[in-house]
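Got your viewer open? Here's a short tour, one selection at a time.

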Amino acid sequence: MDAPVWSWLAHDIRSSQDIADTILFVEGRHVDGLQTIFLRHLYETVPMERLSHFLRGGRYSEAEAFAEENDIPLAVVYRKRLEDIVSDPSHPALGRVSSEDGAAEFADQTLGLLGHIGDTAFAIDVCMRLPVPSLQSTQRLLLHALALAEKDAPSVAKVVDAIQRLGTWCSVGNGDAPRRSVAQFDGQAWQIFRAADLASCMRSFISRGDIERAGAIWRRHQSDKRLCRDVASAIQGYPADADTKSLAGWLEREVLPLFSTRQQWLDIAAWIEQRARVLEAKQANLQDALRLLELLEPGYSKAMAHASGGRSCALSGYLLASQPLTVTPQRFIESSLQSAAWVAGLSRFSGMPVFLAASGAERDSGGDAGTHNCLFLRKQLLDLVHLRDDRRMSLTLDEYEQMSFSMIAMEFLDRVAAPELLNNAYFDHFVPYAQRHQLEYAQILHKYCIDMMDSVDREDTQHASAQGVAEDTSAAMAGILGSAGRHAWEPRVICILGCLYSSCVGRDVLASSVDDVASLGSAAALPLTTARLASLKTYFEIVLEVMRRSMIPWSSGIDAAIEKCFSLFGVYGDLEDDLSQCRLEITEQYRLMCLKRMLLSYGLHDFHISNTKMAYPLLQWLVRKTDSSTIMSDVLQLVDAYHHLSRTSAYVLRLQALCEAGEAAAVSDLVRFIDTTEHGSATSHLGAQSGHDRLAGLPLLNRLEASGAAGSRA
C-alpha cells in the first residue's frame with residue numbers, strides 16, 4: 001500500500017487496552033494548496049464484508065469476480081442485484097432498455113439470474129414487481145411467476161390478480177393521461193397501479209366523470225368485495241355538471257343487477273333522488289332525471305325480498321312499486337293516512353308484519369324511505385313532463401310541490417285571458433287533467449268560480465271605498481261596473497257555466513242557443529251517474545251564487561244560465577231528491593230577482609224588500625198606477641212575496657182604483673179575469689198565451705207573469 005511521506009502512526013488514548021488487530025495512522029495530503037489530514041484505520045476484512053462493499057456501490061461485475069475468487073455463491077450477488085433493480089425504478093439497468101428487443105433481452109437476463117438463485121418465493125416477487133417498460137416482457141414475467149406458483153394457492157391468487165390487473169391497466173391507461181397503447185407501456189405506472197387500491201381507483205375515475213374507465217375496473221374486478229361494497233358511495237362523488245346518460249347506462253347494465261343488500265339499494269336511492277332534483281332544478285332536464293329514477297323500478301322489490309328472506313319486505317317492495325302514489329304534498333298527507341289504515345288491515349288479515357316507508361328514526365335501521373322518495377319523485381317528474389308536453393304548462397319542481405292537483409287544474413283556466421277561449425281550455429286541458437288524477441272537477445269549478453267572484457268583488461269594494469262612495473248603494477255599484485252594467489267576473493263565470501252545462505248534458509261542445517235548451521227539455525234524461533249528479537249540483541250552486549250577486553237588471557248571459565237551470569230541472573228534477581232543494585232555492589231567488597226588477601222599473605231604487613212595514617203602502621201605490629199594461633202582474637208578484645198580503649186585498653184595491661178613475665170596462669174585464677183564474681182552471685188559457693211546453697218547465701212566477709199579461713189584455 002502506498003502512503004505519502006507525511007504520515008505517522010497514531011494511538012487511541014481513549015482505549016484502555018492495546019488493539020493488536022488494528023493500525024491507526026495519520027495521513028497528510030496537500031491538494032490544490034490545501035493541507036488535509038486523514039485518520040486512517042487499517043484492519044483485516046472478511047470476504048463477505050468486501051463483497052458487500054462492492055454490492056453497495058453497484059459494482060456488480062467486481063462483486064461477481066470477487067465472489068468467484070473467494071468461493072462465495074453467485075446467488076448472493078444476483079439476489080442483491082435484482083433487489084436493487086426492483087426497489088429503484090430509476091435504476092440504470094432499466095434506463096438502458098429502449099426497445100422491445102432490449103426489454104426481451106432484459107427479461108431473459110432476469111429469468112436467468114432467478115434460475116441461479118433458486119428461491120421460488122423471491123422469483124415470484126421479482127417477476128411481479130419488476131417495472132419492465134414492455135407489455136410483452138411483463139406478461140412473460142407474470143406467466144413465469146404463475147408457473148412457479150402452481151402448487152401454492154395463495155401465490156397463485158396473487159399472480160392471477162396481477163395478470164388480471166395488467167389487462168385492466170391496458171384498458172384504463174395511466175392515471176390522468178389519455179389511454180395508452182401497448183407500445184407506450186409505462187412499467188413504473190403499471191407497478192403503481194398493481195399495488196393500488198382498486199376501490200380508490202374507481203372512485204377517482206367516477207369523481208372525474210370517467211365512467212368508461214371506472215366501468216372497466218368494475219367489469220374486471222367484480223369479485224373484489226371492497227369494490228362491490230364501496231361502489232354505491234363512490235357514485236355519490238360523480239360531478240354535478242357531468243352528463244348522467246353514460247352513468248345511468250352503466251348502472252343499469254352492470255352495477256344494479258349485482259346489488260344484493262338493502263343498504264346498497266338505499267345508498268344508491270338516496271343519491272339518485274338528490275341527482276334527479278339537481279338535474280331538474282339546475283339543468284331543467286326532466287328526461288335525464290326520469291332516466292335515473294327508472295333505474296330503481298325493475299329490481300328493487302325483488303332485491304328487498306331476497307335480501308331480507310322474509311315476506312314482509314317483499315310486500316313492502318310491492319307497495320312501493322305498485323301503489324299509485326299521490327304526487328303533490330297536499331294529496332300526499334291524505335294518501336299516507338289512507339295507506340296506513342290499509343296496511344294495518346292487511347297486516348291483521350295476513351298475520352305478518354307489513355311496512356311502508358320508514359320514518360326518520362327507522363331509516364337508520366334499514367327503512368325504505370329513500371326508495372319510496374325516489375318513486376314518489378318519479379311520479380312528480382312524469383306529471384311535469386305530461387304538463388309540459390301535453391298541456392303546454394311549464395312548471396319547476398319547486399313550484400309543482402307547492403301546488404295541489406286542483407290548483408294545477410284551476411291554472412289551466414286561470415291562464416286564459418279571454419273568456420271566449422275558456423271553452424277550449426276546459427275541454428282540452430282542464431277535464432283531461434282532472435280525469436288523469438281522478439279529481440272531482442265539478443267541485444274544483446265551484447271553488448274556482450266562488451274564489452274568483454269573491455276576489456273581484458273584494459277589489460271592487462276596495463275601489464269604491466277609495467273613492468268615498470257608499471258600498472251598499474246602487475250608485476256605487478253602477479260606478480264600479482261602468483256602462484257594461486255587470487261584474488268583471490261575469491263573462492268568465494258564464495263561460496264556465498256553459499262548459500259545465502255541456503258536461504251535464506253529455507255534450508262535447510257548448511250549447512249555443514235556446515233551441516238547444518228547448519230540445520233538451522223534451523229529450524229523455526241521460527243516465528244520472530255520480531259524476532253527472534255532481535256536475536248538476538255544482539251547476540245549480542254556481543248559478544244560485546251568481547243570481548245572489550248579480551245586478552238588477554241582470555244580463556242576458558245570466559238569464560240564459562237560469563233558463564238552462566229550469567231545463568235541467570225538467571229533465572232531472574224528479575230523478576234525485578237532492579236536486580229538489582236546489583230547485584226550491586233557485587226558484588225563490590229568481591222570484592226575488594224579478595221582484596227587484598219590477599220595483600226598479602217603477603224607479604224604486606232604494607226600496608228595501610226586508611222592510612215588511614212598507615209592503616202594504618207600496619201595494620196601495622202600485623194599484624193606482626194606470627199607465628202600465630203589466631200592473632196587475634206586478635202587484636201579484638208583490639203579494640206573493642209577503643205572507644201578510646193577500647190577493648183579495650190586491651184585487652179590491654185595484655178595483656177601487658179603477659172605479660175612482662172611471663174605467664168601467666177595465667173593471668168588468670178584471671172581474672171576469674178574477675173569476676176565471678181564482679175559481680177555475682186557467683191552464684189552457686195560459687198555454688194558449690205563452691206555450692204549454694215552456695210553462696211546464698218554468699216556476700210558478702213565470703206563470704204569474706203570463707197571467708198578468710193576460711189580465712192586462714183583459
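Is Leu227 buried or exposed? Select Leu227 and take a look: Leu227 is buried, because its relative accessible area is 0% and anything under 20% counts as buried. Keep in mind as you go that this is a predicted model.

**Stop one: around Leu227**

Colour helix H12, residues 225–235, and you'll see that Leu227 belongs to it. Now add Arg203 to your selection. Along the chain, Leu227 and Arg203 are 24 residues apart, and their C-alpha atoms are 9.4 Å apart in space.

**Stop two: Phe205**

Next, pick Phe205, which sits in helix H10, residues 198–207. Phe205 is another buried residue, with a relative accessible area of 6%. Draw a distance from the C-alpha of Phe205 to that of Val172: you should get 9.5 Å, for two residues that are 33 apart along the chain.

**Stop three: a cavity**

How many cavities of 30 Å³ or more does a search of the whole structure find? There are 2, and the largest has a volume of about 50 Å³. To see what surrounds the largest cavity, select Arg81, Leu82, Ile85, Ala93, Phe106, Gln109, Thr110 and Leu113, which line it. Helix H3 (74–87) and helix H5 (100–117) are the elements that each give two or more residues to this lining. H5 gives the most, with 4 residues. Try colouring the lining by class, and you'll get 5 nonpolar, 2 polar and 1 charged residues.

**Stop four: salt bridges**

Time for some charged pairs. Side chains of opposite charge can pair when their charged atoms come close. Across the whole structure, a search finds 30 salt bridges; here are a few to click on.

Start with Asp243 and Lys245, a salt bridge whose closest N and O atoms are 3.9 Å apart. Asp243 is partly exposed, at 43% relative accessibility.

Then select Glu252 and Arg291. Their closest N and O atoms are 2.4 Å apart, and the two form a salt bridge. Glu252 is in helix H13 (residues 245–255) while Arg291 is in helix H15 (residues 286–293), so this pair ties together parts that are 39 residues apart in sequence. Both ends are partly exposed: Glu252 has 41% relative accessibility, and Arg291 has 30%.

For the last pair, go to Arg549 and Asp457, a salt bridge with 2.8 Å between the closest N and O atoms. Why does this pair tie together parts that are 92 residues apart in sequence? Because Arg549 lies in helix H28 (residues 530–549) and Asp457 lies in helix H24 (residues 441–466). Buried or exposed, these two? Both Arg549 and Asp457 are buried. Don't stop there, though: add Asp454, Glu545 and Arg548 to the selection. Together with Asp457 and Arg549, they make one network, joined by salt bridges that share partners.

**Last stop: a patch on the surface**

Finally, turn on the surface and select Trp6, Trp8 and Ile37. What do they form? You're looking at a nonpolar patch on the surface, with about 320 Å² of accessible area together. Zoom in on Trp8, which is part of strand E1 (residues 7–10). Trp8 is partly exposed, with a relative accessible area of 39%. Patch residues need over 30%, so Trp8 passes that cut-off.

Methods
Residues numbered from 1 in each chain as written. Predicted model: local features only at pLDDT ≥ 70, side-chain atom pairs only at ≥ 80, totals over all residues. Heavy atoms only, no water. Patch = residues over 30% accessible without salt bridge, like charges linked within 9 Å, V, L, I, M, F, W, Y side chains within 5 Å. Areas by Shrake-Rupley, 256 points an atom, 1.4 Å probe, with all protein chains shown as cover. Salt bridge = Lys/Arg side-chain N within 4 Å of Asp/Glu carboxyl O. Buried < 20%, exposed > 50% of the residue type's maximum accessible area, 1.4 Å probe, protein only. 1 Å grid on protein atoms, 1.4 Å probe; cavity = no way out; pocket = protein on both sides within 12 Å on 5 of 7 lines; lining within 4 Å. Points joined across faces, edges and corners; volume = space filled by probe spheres on them. Nonpolar A, V, L, I, M, F, W, Y, C, P; charged D, E, K, R; others polar.
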